[in-house]
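Dear colleague,

I am handing over the structure below, and my notes on its charged pairs and its nonpolar interior follow. Please read them alongside the coordinates.

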Amino acid sequence: MTAAAPGSPGDDTWVVVPLYQEATAVGDVVRELRRTFPQVVCVDDGSTDGSAEQARRAGARVVRHCINLGQGAALQTGFDFALRDASARFVVTFDADGQHRVEDAVAMVQRLRDGEADVVFGSRFLDGRTEVPRLRRVVLRSAVHYTNLTTGVRLTDAHNGLRALSRRAVGSLRITHHRMAHASEIVSLVGRSGLPWVEQPVEIRYTDYSRAKGQSLLNSVNILVETILG
Amino acid sequence: MLLIQGVLVVALLVVGAVLVRSTSDVRHQAVRRILLVLLGVLAVTSVLVPGAVTWVAEKVGVGRGTDLVLYGLVVAFLGFIASSYRRTRVLESKVAELTRRLALDEEARERGVDGPGNAGRPGA
């Protein structure tokens, strides 16, 4: 592989898309990603709605969990997949429901490429682009507060699915929270590892679709319990 | 504070700490077995000497033997919940590892069968 041109994500980046019951959205998400990132892997977490087929048809590589494990487990599988590729230098995590923007991911990989950090966290609170629904804002803010208190990493947004990581970072993280508490877990693992990290302002597109599919706020109770009990 | 209150609070904290925090699996199992033996001894004693439970209850300030047994049961039950939570977590990790390995190997095999993979073929 030739070295990627400056500013182009090139062939040294894998985009990991955890996938569960997103058959209507994942096709477009993968197609849009592949215009910029040729290497997209969807980790299908036991979907029963044909999500895997849609992703495959859109040109993604698909790794299938035969049973549903949870998003954290799917991310870790995607990380392992990317690490099997010796030429992979960067990994982007990207949600399957179309709430993230590819341009944001490109900018994040560029910051890794520039050697600015090993981990770039996306944050929807760094600029005014994202309109966060009020109740969701309260819950997300509390989550950030808690994560900051317990991990020693001071972030503005703890539960954003858009991240970019260097190979070194991917290799040193091991996600053990299989369900949703993995977001705080990744933050705390990064904090403990001493890997340099930065935040990148990103826009979340709250469409009716992603709102309907998004996590129920009640699930934050589960996340809290899982985080505390370890 | 009554003696029993102190005893129960301490017992609850110990159960929580021992069972939720990481102890090695072997130690964890040993503790569970010791507790089980103790429970057996207590059960037999209370059957052979029915007055003993009430006597102990009065000493620690509970009054009735049945209440003491009930409190013991509550502590034991919480211990059981904590212990099974931990064991489930361990089991989940194993299932996840297994599923992950299966998923990755399956994908690599499909690639192999489908003909030449793309340039960045992992596992190649």
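**Salt bridges and cores**

R111(A) is buried, with a relative accessible area of 19% (buried means under 20% relative accessible area, exposed over 50%, and partly exposed in between, with a 1.4 Å probe and protein chains only). This is a predicted model, in which local features need pLDDT of at least 70 and side-chain atom pairs count only at pLDDT 80 or more, whereas totals for chains, interfaces and linings use all residues. Residues are numbered from 1 along each chain as its sequence is written, chains are lettered from A and ligands numbered from 1 in the order in which they are written, and side-chain values use heavy atoms, with hydrogens and water left out.

The side chain of R111(A) meets that of E116(A) in a salt bridge of 2.6 Å, N to O (a side-chain nitrogen of Lys or Arg within 4 Å of a carboxyl oxygen of Asp or Glu), and E116(A) is partly exposed at 40% relative accessibility. Over all chains, a search of the whole structure finds 20 salt bridges.

Another of these pairs is D157(A) with R124(A), whose closest N and O atoms are 2.6 Å apart. This pair links distant parts of the chain, 33 residues apart, with D157(A) in the loop between α5 (134-151) and β6 (163-166) of chain A and R124(A) in the loop between β5 (119-123) and α5 (helices are DSSP runs of H or I of at least four residues, strands runs of E of at least two, numbered from the N terminus). Both partners are buried, D157(A) at 1% and R124(A) at 6% relative accessibility.

Between chains, E97(B) and R174(A) form a salt bridge of 3.1 Å, N to O; E97(B) lies in helix α4 (residues 65-113) of chain B and R174(A) in the loop between α6 (167-172) and α7 (182-193) of chain A, so the pair joins two chains. Salt bridges with shared partners connect D80(A), R174(A), E97(B) and R100(B) in one network.

Turning to the interior, the largest nonpolar core has 30 residues, and those with the most contacts inside it include V15(A), L33(A) and F94(A) (such a core is a set of buried Ala, Val, Leu, Ile, Met, Phe, Trp, Tyr and Cys residues joined through side-chain atoms within 4.5 Å). Its largest share, five residues, comes from α4(A). Apart from this core lies another, of 28 residues, among them V43(A), F121(A), I175(A) and L195(A).

With best regards
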